[in-house]
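Me: I've just opened this one and don't know my way around yet. Can you walk me through it?

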Amino acid sequence: MSKGKKKKLTPVQREYQAFAAQREPRRPLLTNCLRAFLVGGIICTIGQGFQWFYTTYFNFDRVTAGSPTAASMIIIAVLLTGLGVYDHIAQWGGGGTIVPVTGFANTLASAAIEHRSEGFVLGVGGNMFKIAGPVITFGVFAAFVIGTITVLIKTVGGM
Amino acid sequence: MLQGHQSWVFKTPPAVLSSAAVGGPFEARGALAEDFDLLHDDLYMGESSFEKAERKMLEEACSKALEKAGRKKEEVNFFLSGDLINQIISSSFAARTLSIPYLGIFAACSSSMEGLALASLLVDSGAAQLALTATSSHNGAVEKQFRYPTEYGAQKPPTAQWTVTGAGAALIGREGAGPKITAATIGRVVDMGISDPYNLGTAMAPAAVDTLQAHFRDLGFDPSRYDLIVTGDLGRVGHQIAYDLLIKKGLEIPADKFVDCGLLIYREEQPVMAGGSGCACSATVTYGHLFNRLRRGELQRLLVVATGALLSPLSYQQKESIPCIAHAVAIES
Amino acid sequence: MIKFLLAFIVGGLICVIGQILMDLFKMTPAHMTVTLVVAGAILGGLGLYEPLIEFAGAGASVPISSFGNSLVKGALAEAERTGIVGVLTGIFEVTSAGISAAIIFAFLAALIFKAKG
């Protein structure tokens with residue numbers, strides 16, 4: 001596994017980077033955070049709406065309503081991705097569109113749609129998890145580690 | 001003829017017998033739409049993938065250039081072309097269609113000037129009667145290969161650039177009425193340790209400056225010789241940096257004579273962040289707009305310095321920085 | 001209605017954390033979402049994420065961090081039932097609906113839609 005150590009910069013390179021940094025437009029952090037807050041908040045509120053809808057009109061309770069809520073949000077995100085709208089919302093909303101589960105759905109849908117030109121098996125199937133792969137890999141691995149540690153602590157604690 | 005360390009001077013300047021520029025929907029709404037020979041209104045152009053569309057544009061630019069010069073592809077000795085797609089398949093597949101002896105090149109977004117310099121060298125040295133040089137890029141194909149699927153919701157920072165969807169071609173011959181290629185300077189790779197692929201202008205500016213210094217040193221000119229000095233695709237950020245860096249190095253170019261293709265090609269209202277980029281940026285602006293200005297006599301002496309970022313998606317993942325290069329070609333009317 | 005306001009605020013704040021990770025710490029979206037998922041898993045293991053969901057509803061369950069929490073929840077629930085092997089076998093238990101829906105609808109989207117650039 002690569003150590004990922006940063007290549008040492010020469011004095012010339014360091015001098016240039018300082019020179020250039022003065023001339024680069026900063027990422028508008030405050031504006032981006034405000035937009036992320038707004039868009040992310042709205043998406044979560046819509047999620048809350050779905051939650052309420054499923055608990056009120058169907059036979060779900062607060063816990064079991066989580067599944068149809070997630071599914072509904074995912075379907076909407078996939079639709080917006082397919083219609084070519086999601087990426088425009090995301091340019092504005094940044095973290096607000098990437099962080100909610102809608103972002104996850106967007107990574108799968110956008111990759112699947114884009115790689116259709118390479119066929120359904122290798123293109124769509126093979127590339128669908130191109131961007132979402134890390135989330136699943138690390139989520140599962142983290143759950144495995146944490147789950148094991150927790151169980152071991154409980155077992156040891158109980159002895 | 002070698003002049004200085006890394007430049008060629010063409011004693012009997014080859015002529016641009018014709019040139020052609022093809023563009024996509026974004027370019028059609030851009031500032032230089034009038035200078036394109038062909039504009040498409042959607043990114044697929046009737047093909048089933050972005051890559052096939054790019055190939056189509058390259059073939060169209062080549063056939064248009066041949067048509068305008070009244071020549072047939074069978075008359076052309078060599079075809080020099082490069083692009084950004086892995087293994088330069090756009091160029092190779094276009095070469096298959098054209099059936100002209102093929103020299104594939106790769107110089108990222110500076111491919112246009114590398115191709116033009118080499119084509120001119122072949123013709124000037126008597127190694128070719130007719131040489132066709134071309135390059136292309138496609139926004140969808142480049143995003144898919146280098147960054148993310150086009151419908152993915154990532155937020156681009158203000159230093160990011162927009163890849164031009166288009167293709168440019170030029171037919172070079174021994175004599176003719178068109179603009180003349182008088183000199184070329186081949187750049188060397190310059191790497192200032194920048195590793196952010198969303199900040200290529202900053203990465204490429206030092207290469208442009210290095211090549212410009214080499215050009216003026218080798219040929220013994222100073223910037224006042226040219227009516228216009230144009231960089232390929234440094235964009236808003238890189239162009240400003242290059243301008244300041246040149247002053248720092250004692251090479252001042254008047255601001256109104258120093259422009260950038262990436263800034264010329266689109267209008268202010270278009271959401272292109274720092275400006276246009278891609279092989280087709282310098283190609284379509286030079287082979288279309290700038291050559292038209294030369295032909296109309298609005299410009300007498302032009303220097304085009306195309307810039308390229310020589311990274312790959314893999315080099316970025318392996319935490320490498322971005323090596324860059326710039327090639328300059330002098331064209332006179 | 002308080003529930004909706006809390007969902008808005010907490011959800012918005014978690015998204016702001018994501019934005020800061022990307023803009024200030026120069027993380028790519030992939031690195032940022034992995035960070036949030038692992039954080040969610042850790043908080044879930046410590047028993048802190050469930051109370052957050054109780055408090056903020058969708059504001060905590062919609063962001064991707066809840067995915068990490070759900071994976072841990074599934075692992076621990078199955079381990080309760082069948083012993084330590086359950087940590088392995090129960091991971092996808094709770095998140096099954098989300099992942100399946102995402103794959104199925106992404107595939108359908110590839111059938112119907114074309115990338116628009």
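Reply: Sure, we can go through the chain contacts, a helix pair and a couple of backbone oddities. Keep in mind that this is a predicted model.

Me: Okay, how is chain A divided?

Reply: Into domain 1, residues 35-128, and domain 2, residues 133-159. The C-alpha centres of those two domains of chain A are 27 Å apart.

Me: And how many residues go into the contact between chain A and chain C?

Reply: Chain A puts in 59 residues and chain C puts in 60. On the chain A side, H2 (29-57), H3 (66-82), H5 (95-98), H6 (101-114) and H8 (133-158) are helices that each supply at least two residues.

Me: Which of them gives the most to that side?

Reply: H2(A), with 14 residues. By class, the side of chain A that touches chain C has 35 nonpolar, 21 polar and 3 charged residues.

Me: What about H8(A) and H5(C), at what angle do they pack?

Reply: About 40 degrees, and their axes are 9 Å apart. Oblique angles are those that are neither under 35, over 145, nor 65 to 115 degrees, so H8(A) and H5(C) count as oblique to each other. Their crossing is right-handed.

Me: Which residues make that contact?

Reply: From H8(A), they include Gly139(A), Val140(A), Phe144(A) and Ile146(A). From H5(C), Phe67(C), Leu71(C) and Val72(C) are among them. Sorted by class, the contact of H8(A) with H5(C) has 12 nonpolar and 4 polar residues, with no charged ones.

Me: Switching over to chain B, how many residues are in its contact with chain A?

Reply: There are 26 from chain B and 31 from chain A. Helices H6 (200-219) and H7 (235-248) of chain B each supply at least two residues of the chain B side, and H7(B) gives the most, with 4. That side of chain B has 10 nonpolar, 11 polar and 5 charged residues.

Me: You mentioned backbone oddities. What is phi of Ile88(B)?

Reply: Near 40 degrees, which is a positive value in a residue other than glycine. Ile88(B) sits in the loop between strand E5 (78-83) and helix H3 (89-98) of chain B.

Me: Is Ile88(B) buried or exposed?

Reply: Buried: the cut-off is 20 or more other C-beta atoms within 10 Å, and Ile88(B) has 21.

Me: And where is Ala108(B) found?

Reply: In the chain B loop between strand E6 (102-104) and helix H4 (111-124). Ala108(B) isn't a glycine, yet its phi is positive, about 50 degrees. Ala108(B) counts as buried because it has 28 C-beta neighbours inside 10 Å.

Terms used: Residues are numbered from 1 along each chain as its sequence is written. Chains are lettered from A and ligands numbered from 1 in the order in which they are written. This is a predicted model: local features need pLDDT of at least 70, side-chain atom pairs count only at pLDDT 80 or more; totals for chains, interfaces and linings use all residues. Domain bounds come from an automatic or database domain assignment. Two residues are in contact if their C-beta atoms, placed from the backbone, lie within 7 Å. Ala, Val, Leu, Ile, Met, Phe, Trp, Tyr, Cys and Pro count as nonpolar, Asp, Glu, Lys and Arg as charged, and the others, Gly among them, as polar. Axes are lines fitted to C-alpha atoms, for helices over the stretch in contact, and angles run from 0 to 180 degrees between N-to-C directions. A crossing is left-handed if the near helix is turned anticlockwise from the far one by less than a right angle, and right-handed if clockwise. A residue is buried if 20 or more other C-beta atoms lie within 10 Å of its own, exposed if 12 or fewer, and partly exposed in between; C-beta atoms are placed from the backbone.
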